[in-house]
Amino acid sequence: MHTDRHDRGDAAISWACTLLAVVPCFAYILALSLVPDALAAQWSAGSRVSVGLVLGLALAAFLVVLSMIYTYAANRRDAGREAARQASHGRDREADRGTQR
Amino acid sequence: MTGGVNLPALAIFLLFVALTLVITGWAAKRSSTREQFYTAGGTVGGFQNGFAFAGDFLSAAAFLGVAGLYYAAGLDGLVYGLGALIGWPALLFLLADRLRRLGKYTLTDVLQQRLEPRPIRIFAGCANLVVLVFYMLSQMVGAGLLVNLLIGVDFVWSALLVGGLMTVYVVFGGMVATTWVQIIKAALLFGATLVLALLTLSHFGFDFEALLAAAVDKHPRGEAILAPGGLITSPGAAISLALTLVFGPAGLPHVLMRFFTVPNVREARRSACVATVLIGLFCFLMVVIGYGSIALLTGDPRFDAGNGLHGGGNMAALHLAHALGGSLFLGLVAAVAFATILAVVAGLTLAAAATVSHDLYSALRGRTPSEREELAISRAAALCFGALGIALSVAFQHENITFLSATAMSIAASATFPVLVLALFWKRLTTAGALAGGGVGLASAVVALVLGPSIWVAVLGNAEPIFPYQYPTILSMPLAFAAAFVVSGSATPASRVR
């Protein structure tokens with residue numbers, strides 16, 4: 001029951017992160033065909049850098065940062081659960097010893 | 001450069017081969033059990049596996065092809081560069097945890113946790129082999145052309161060289177040798193790319209604006225190289241390309257198999273994250289190399305033939321290395337490009353060997369082979385796959401490489417990915433639904449590819465394609481999901497229980 005609740009919560013986070021990553025990717029690729037002129041515009045006055053180039057690189061940076069945050073948070077969460085499980089096992093063993101005595 | 005022997009390239013390449021063969025000899029002593037052969041005993045660390053993931057995924061097309069695309073069309077190169085990256089979040093967020101928890105040696109181990117083992121092993125084994133053959137074909141054809149350009153060896157001999165080496169790595173060294181070959185290759189590739197990008201930037205005083213200004217001034221299309229250049233012509237083509245790039249990697253068997261080489265879920269996540277960081281960094285470096293090749297190669301008669309680069313557009317990164325670092329650096333970058341192909345095909349061969357020996361053999365024979373027998377079958381399968389790769393690459397040497405690898409990604413996104421994601425997240429999926437979904441996805445992807453511009457027009461010579469898009473995923477992936485939903489939904493409750 002406890003694990004089921006964890007699994008459902010983990011799956012929801014996985015899907016939310018996937019959507020967070022996939023939607024900008026689709027938006028960027030769709031923008032290439034729908035609004036090419038907007039992506040061809042200069043990022044700032046006098047600059048050679050185009051909006052398309054900045055958005056593409058920003059997308060790459062966003063995906064990398066999102067992956068790092070997810071990995072850090074999920075690994076921390078798992079480590080916490082493992083520590084709690086071990087502590088619970090330790091308490092059970094102590095209780096068993098007490099009963100035997 | 002084109003057809004003559006480049007001695008530094010040859011020397012560095014021979015050094016790489018010698019080093020990898022020493023590693024294979026060392027790994028052979030550690031590949032005596034099934035677990036060691038398929039998954040390196042699950043002992044690879046997350047950081048190392050991240051490098052191996054990146055090594056598996058960054059093929060020569062990602063290096064030479066993307067640089068060539070920047071040189072020809074500017075910003076369109078970024079779209080394909082991003083293509084190598086945008087599939088990784090789906091892999092990390094959706095699949096890494098569950099694959100590591102449920103899998104043992106291959107993708108089908110995961111599927112059979114929920115579905116009937118025999119039919120699902122046969123289906124997944126066949127789909128995996130189709131994906132792997134097309135993927136390997138593109139790599140082998142690319143390797144043949146590259147070696148021919150670099151050291152003047154005939155295509156057949158270069159295919160024999162690549163095929164022979166990859167077979168040795170896999171037959172003797174299994175996953176241990178393949179992993180270390182990938183790690184060394186990834187480190188070499190990132191090192192070479194980083195140095196090339198830094199040399200390019202230093203030429204412009206580390207001023208990226210100055211680099212772009214020089215590229216715009218030199219390129220015949222001028223400012224247009226900073227804008228989308230007609231690579232994606234319609235919203236339908238855009239969605240199809242996005243589906244292929246985002247979900248294709250999540251169906252590639254040689255990539256998924258790597259999740260089983262780490263000891264636990266946390267290391268699986270860490271390895272996918274390290275791969276994402278490395279591939280993201282690679283994207284940034286390729287922007288500098290791509291625009292740098294326009295700025296420094298256009299109009300230089302040593303590299304620019306007037307109607308394109310000497311040796312074709314794919315030589316942009318190699319010519320840039322020659323322009324900035326002379327013959328020695330060209331040799332290093334060329335050897336790295338070749339090592340890249342060698343490492344990728346080794347990973348593909350191992351996945352194919354595991355598919356045949358672990359999935360198909362036991363399902364077709366109706367009995368599980370002993371460990372000794374399975375390892376022998378695996379090694380024989382690697383030999384056969386190597387021979388098949390050599391023969392097919394010689395037969396298809398004039399085919400378009402991009403088309404071949406796009407075919408593999410489309411089939412993976414249409415046949416393998418829907419079945420895998422439904423098996424992991426939808427409790428009502430039945431074996432019949434999985435087979436229907438995967439079968440419909442596979443068949444519709446192949447039919448739409450044949451009727452699309454890549455075959456119907458380019459190969460068969462018709463004026464107009466029947467299916468309008470180069471990538472069939474916009475049609476085949478929804479069809480696969482729909483078939484799986486309909487067939488599973490119509491199943492009786494009793495048939496769902498497993």
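## Exercises on the A–B contact

Set aside residues within four places in sequence, and Val49(A) is in contact (heavy atoms within 4.5 Å) with Ala41(A), Gln42(A), Trp43(A), Val54(A), Glu209(B) and Leu212(B).

Before you start: this is a predicted model, where local features need pLDDT of at least 70 and side-chain atom pairs need pLDDT 80 or more, while totals for chains, interfaces and linings use all residues. Residues are numbered from 1 along each chain as its sequence is written, chains are lettered from A and ligands numbered from 1 in the order written, and side-chain values use heavy atoms, without hydrogens or water.

**Exercise 1.** Work out where Val49(A) is found and whether it is buried or exposed.

*Step 1.* Look between α2 (36–40) and α3 (51–100) of chain A: Val49(A) is in that loop (helices here are DSSP runs of H or I, at least four residues, numbered from the N terminus).

*Step 2.* Its relative accessible area is 12%, so Val49(A) is buried (under 20% is buried, over 50% exposed, partly exposed in between, with a 1.4 Å probe and protein chains only).

*Step 3.* Now cross over to chain B. Leu212(B), one of the residues touching Val49(A), is buried in α10(B), as are Leu211(B), Ala213(B), Ala215(B) and Val216(B). Glu209(B) also touches Val49(A), and its backbone nitrogen has a side-chain oxygen of Asp207(B) within 3.1 Å, at the start of α10(B).

**Exercise 2.** Describe the interface between chain B and chain A, from its overall extent down to one salt bridge.

*Step 1.* Count residues: 47 from chain B are in contact with 44 from chain A.

*Step 2.* Get the area. About 3900 Å² is buried, with 74% given by carbon and sulfur atoms (this is accessible area, 1.4 Å probe, lost on putting the two parts together, summed over both). Phe93(B), Arg266(B) and Arg269(B) supply 18% of what chain B buries against chain A, more than any other three residues.

*Step 3.* Check charges. There are 4 salt bridges between the chains (a Lys or Arg side-chain nitrogen within 4 Å of an Asp or Glu carboxyl oxygen). One joins Glu223(B) to Arg48(A), at 2.8 Å from N to O.

*Step 4.* See which helices take part. On the side of chain B that touches chain A, α5 (76–83), α6 (88–102), α10 (208–218), α11 (235–247), α13 (265–297) and α16 (401–425) each supply at least two residues. The largest share, 11 residues, comes from α13(B).

**Exercise 3.** Which residues does Ser240(B) touch, not counting residues up to four places away in sequence?

*Step 1.* Place the residue: Ser240(B) is in helix α11 of chain B.

*Step 2.* With a relative accessibility of 0%, Ser240(B) counts as buried.

*Step 3.* List what it touches: Tyr471(B), Pro472(B), Thr473(B) and Ile474(B).

**Exercise 4.** Do the same for Glu374(B), giving its helix, burial and contacts.

*Step 1.* Find Glu374(B) in α15 (residues 371–395) of chain B.

*Step 2.* Glu374(B) has a relative accessible area of 2%, so this residue is buried.

*Step 3.* Leave out neighbours within four places in sequence, and Glu374(B) is in contact with Arg34(B), Tyr38(B), Ser357(B), His358(B) and Pro369(B).

Definitions and conventions
Polar contact = N/O pair within 3.5 Å; in protein donor to acceptor, adjacent residues only side chain to side chain.
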